[in-house]
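Student: Got a minute to walk through this model with me? I'd like to go over the sheets and then the interface.

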Amino acid sequence: MSTISLQDKHHDNHDDHGHDHHKETFITKYIFSQDHKMIAKQFLITGIIMAVIAMLLSILFRLQLAWPDKNFPILETFLGKWAEGGRIKPDFYLALVTIHGTIMVFFVLTAGLSGTFSNLLIPLQLGARDMASPFLNMLSYWFFFTACVIMMGSFFIQTGPASAGWTVYPPLSALPKAIDGSGLGMTMWLASMVLFVASSLMGGINYVSTVLNMRTKGMDLWKMPLTIWAFFLTAILGILSFPVLVAGVVLLIFDRSVGTSFYLSDIVLGTEILPNEGGSPILWQHLFWFLGHPEVYIVIMPALGISSEIISVNSRKPIFGYHAMVYSLIGITTLSFIVWGHHMFVTGMNPLLGGVFMITTLIIAVPSAVKTFNYLATLWRGNIRFTPAMLFAIGLVSFFISGGLTGIFLGNAALDINLHDTYFVVAHFHLVMGSAAIFGMLAGVYHWFPKMFGRLMNEKLGYLHFWITFICAYLVFFPLHFLGLDGVPRRYYAFTEFEFMNKWLTVNVFVTWAAIIAALAQVAFLFNFFHSIFKGKKSTQNPWEANTLEWTTPVERLHGNWPGEIPTVYRWPYDYSKPGAEHDFIPQTVPYSQTMSSNLPHDFEGNTEAEEIQKEWDAKNKPSTETAE
Amino acid sequence: MAALAVIFTAFASTSAFAQAAAAVEKPVDMGEVHKSFLFYVLLFLLVCLFIAIVGKAIRVYELTRESEGKSEGINWNMVNGVLFAVFLVVGLYGVYWEYTVHGNMLLPEAASEHGKKIDEMFNLTLILTTVVFIITHIALFAFAYIYKSNGKRKAYFYPHNNALERLWTIIPALALTVLVLMGFLTWRSIFNKIEDPKNLPLIIEVTSSQFQWDVRYPGADGIVGKKNYKLITGINALGIDFNDKNNLDDQFADEIVLPVNKPVRFALTSKDVLHSFYMPHFRVQLNTVPGMTSYFEFTPTITTEEMKVKTNDPKFNYILLCAKICGANHFNMQKNVRVVSEQEYKEWVIKQGTYLTNDLRKVFKLPVIAEPAAQPVKADTAAKDTTAKTNQLALKK
């Protein structure tokens, strides 16, 4: 592996940072590493493994939905009593959807996405040697890892994993008698979630402090790439909202284990009257969605940041409306705190609140629309190179549009009455935060793979992976909207009990086949990823001809990032195809004095002295530049 | 992982075969199952091999081109650009197909007054979003196709245009304002009903529990009486407090029958976990919450018989289903709903039995002929009603 062979070079170049690298062993380098790049890779690979698990779970329940009357004896071989006779049991079906949702939302699209790319890119794109607190960073990964282990551990207990849906609404999640999964499995879910939130907070605090304090010389906030803006705002969102989930979780733990009544009141199971009085299940929903809604932006904003960067680089054009992009991210961040109630229109919450939340929810569509139009304007008259990363970024824009538009239906309280908890919701969020965020993550993996492993992934396998996944994702989720519009509720084990659902059985078969093909296509990615780590084509220093700082670091990936001094930044990261410039990109480290032929008056930000110098230069050289153009 | 993924492919289609094997004897012959499983694993590996060979062939072709000094073999940028164009055309047709085919398999027209407003709102939103969806996708994929790099052109340096950005901030904002206003008014009109003393709603109480709906009609007095969850026993499943004389005539029903064109107000409660009272044909949904009563009032406008004609489906039936995950049998928690004429309703409701049985009369020390209540037997019945929330059913009327 290249990282090992390059050890010696590393040792020559460490003078300016004080890590104890002399005794770097396998354990300190690969396991308890404090290097942000290694931690990013740990997050990524753990995230990929969790994503594969979640994907397999989804195939299991898709099998059940498509062929509710058939037996698959092989399932019993793997699942034992949960699929006796080769048929998944209703309890286990609910456990599958619950754990699929939990893994995807938290472990893959939060930790796997933010954890990977914030860790990798914040120091590299800002010009820092490492995170503000490398130790906390390491701890953040290991908390996350432990959370994953506990969550997966719940598959190996008698009563099975949590099965009250990924939102774990009490009383169902609080009463082991109501459903098996609310026994030990739910306890493990809650424990796992507490660790996960601790991990997220450690990561988030690190990201924010690094962005605010450790930017290199010249890197003011308005010269940061949009990726960093997105990670920064995501981290702030996480820091402000995740603790609320912990508060909710702790209360639920009390209700389950100590006998308090925060969420429980007036409950009778069969004829057994429970002593709890005075609580309200609605309280949990408020606490959960106060995190839960910002959470969906925690999922999508890093993906949007990544795609902004990739679309700009591969269109060879500056991102259109950089400032508008930042302001819309800030707008989304702020508004996301006051829209949680749109998950609760039909819970019996005061209808007046429903009206208020509807207004705030639909307002948040405006910054989202601005971002979409800016992506389109960036592509317009570009010089587009379809790297696999670019394909996935374009895919993201498509999903973001499709899924975002259905959000306008669901954000409307009146329409939500009939759409709430139906397949329309399932289709909506799988497009806008599922597929879009996953595509952002995949785009990021293809794009920054050289920065992680010093090698390139195979492009053709990337194309194959993209096209199959893109097409199949639409084939899976587009038809599901119509099930929802017909009033088919989500989390139904089988469609066999209702006459009107029978007509959707063939659609379910079709969707399941599309899902299976999409899942198989991921083999192309997994093979490509793991094979390229060891056998991929060696990358050059700046394979995509990008402007940002990470491409000024050596391919060898040193602990401390730059061998000598950290480079100084002179310009914004999006000077692509600037008229008059020699190449179609000007890295951030190139001062304006070296690009006299391409400077624009706007570049000097009101620095009159520089403007004078430029004017003098123009006077001398103008005719020649004009003929050149 | 590959192998695991294949399992599912495998058994998705061989299931009939495997099922036959499973059905014949109790101890399933797993050998056969494993063999056919292995078969599909091999099949998948074969596909992988095929892809690998194609990959190699492309590589060889490109290398020969290179060694001949010609430009690289396949112009992948062109291929991907064209694929986006094809995807756009096929995708648009796909969307059209979905709208016309699956779009015709949806719920029939709304069978309630407010449902019509919701449907109008829906159609307006659908038109707006579809237009945006199609325009933006045409732009996205057409730009991808038209502006694919050919190695000769330079991109147009166009970092921003404030006028344009202002335009596409303001237009969505205006469109959304219209939607918000309409949505807000529709929402208010559904949940903030002004009671018309001449046309008071019929009150029906529905109690959810795993996994059934219990329906309680108010009886002749038109009032659904008090209940208390602490009174629940094997014979008093809802915990009806028969000391409240409003309860004496309350009736149970196996199905929900509603008179057409008369407002009905559902009082929704839950015994155990959250459920959701969902009647898609009427565009009605509200969660049932233990410890809290929630209300949904609406007016059904089309009888079941009329709907049978309209949908051209003699088996058509309105239904009530559960839309909030509530446990293992969540997928089968239903109740039949019928909308009938006022006359039919009157004939039907009179035949329904009361909740009060002789057994319960003994428990509550009531004489066989219903009369004002005596003292309750049990100590816990006398306990103060801490759960006033559940007891607000005795609506002022």
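**Sheets first, then the interface**

Student: What's the strand order in the open sheet of five strands that has β4 in it, in chain B?

Tutor: Keep in mind that this is a predicted model. The order is β4-β10-β9-β6-β7 in chain B, and the pairing is mixed.

Student: Which ones are the edge strands?

Tutor: β4 (256–259) and β7 (284–288) of chain B, each of which pairs on one side only. From one strand to the next, the twist averages 20°.

Student: OK, mixed pairing. In what sense do β4(B) and β10(B) pair?

Tutor: Parallel, over four bridges. One residue pair to click on is B:L258, whose bridge partner in β10(B) is B:V339.

Student: And β9(B) to β10(B), parallel or antiparallel?

Tutor: Antiparallel, with four bridges joining them. There, B:Y318 has B:V337 in β10(B) as its bridge partner. Strand β6 (residues 275–279) of chain B also pairs with β9 (residues 318–322) of chain B in the antiparallel sense, over two bridges. In that pairing you'll find B:Y278 opposite B:L321 of β9(B).

Student: Which helix lies across β4 and β10 of chain B?

Tutor: That's α7 (residues 342–350) of chain B, and it runs at about 140° to β4(B).

Student: Next sheet. What's the order in the one with β3, β2 and β1 of chain B?

Tutor: It goes β3-β2-β1-β5-β8 in chain B, an open sheet of five strands with mixed pairing. Its edge strands are β3 (251–253) and β8 (294–298) of chain B, each pairing on one side only. The twist here averages 30° from one strand to the next.

Student: How many bridges join β1 to β5 of chain B?

Tutor: Seven, between β1 (residues 202–209) and β5 (residues 264–270) of chain B, and these strands run parallel. B:V206, for instance, has B:L268 as its bridge partner in β5(B).

Student: Switching to the interface. How many residues of chain A are in contact with chain B?

Tutor: 143 residues of chain A, in contact with 128 residues of chain B. The area buried between the two chains is about 11,600 Å², and carbon and sulfur atoms give 74% of that.

Student: Which residues in chain A lose the most area to chain B?

Tutor: A:D266, A:F320 and A:I417, though together they make up 6% of what that side buries.

Student: What about salt bridges across the interface, how many does the rule find?

Tutor: Four between chain A and chain B. One to look at is B:E62 with A:K460, where the closest N and O atoms are 2.9 Å apart. For polar contacts across the interface, the rule finds 32 residue pairs, both residues at pLDDT 80 or more.

Student: Which helix gives the most to the side of chain A that touches chain B?

Tutor: Helix α17 (residues 459–485) of chain A, with twelve residues. By class, that side of chain A has 94 nonpolar, 28 polar and 21 charged residues.

Student: Last one: how many salt bridges does the structure hold over all chains?

Tutor: 22 over all chains. Within chain A, try A:K503 and A:D486, whose side chains meet at 3.0 Å, N to O. Both residues lie in the loop between α17 and α18 (505–535) of chain A, so the pair ties together parts that are 17 residues apart in sequence.

Definitions and conventions:
Residues numbered from 1 in each chain as written. Chains lettered and ligands numbered in written order. Predicted model: local features only at pLDDT ≥ 70, side-chain atom pairs only at ≥ 80, totals over all residues. Heavy atoms only, no water. Contact = heavy atoms within 4.5 Å. Buried area = accessible area lost by both parts, 1.4 Å probe. Polar contact = N/O pair within 3.5 Å; in protein donor to acceptor, adjacent residues only side chain to side chain. Nonpolar A, V, L, I, M, F, W, Y, C, P; charged D, E, K, R; others polar. Pairing = 2+ DSSP bridges. Axes fitted to C-alpha atoms, helices over the stretch in contact; angles between N-to-C directions.
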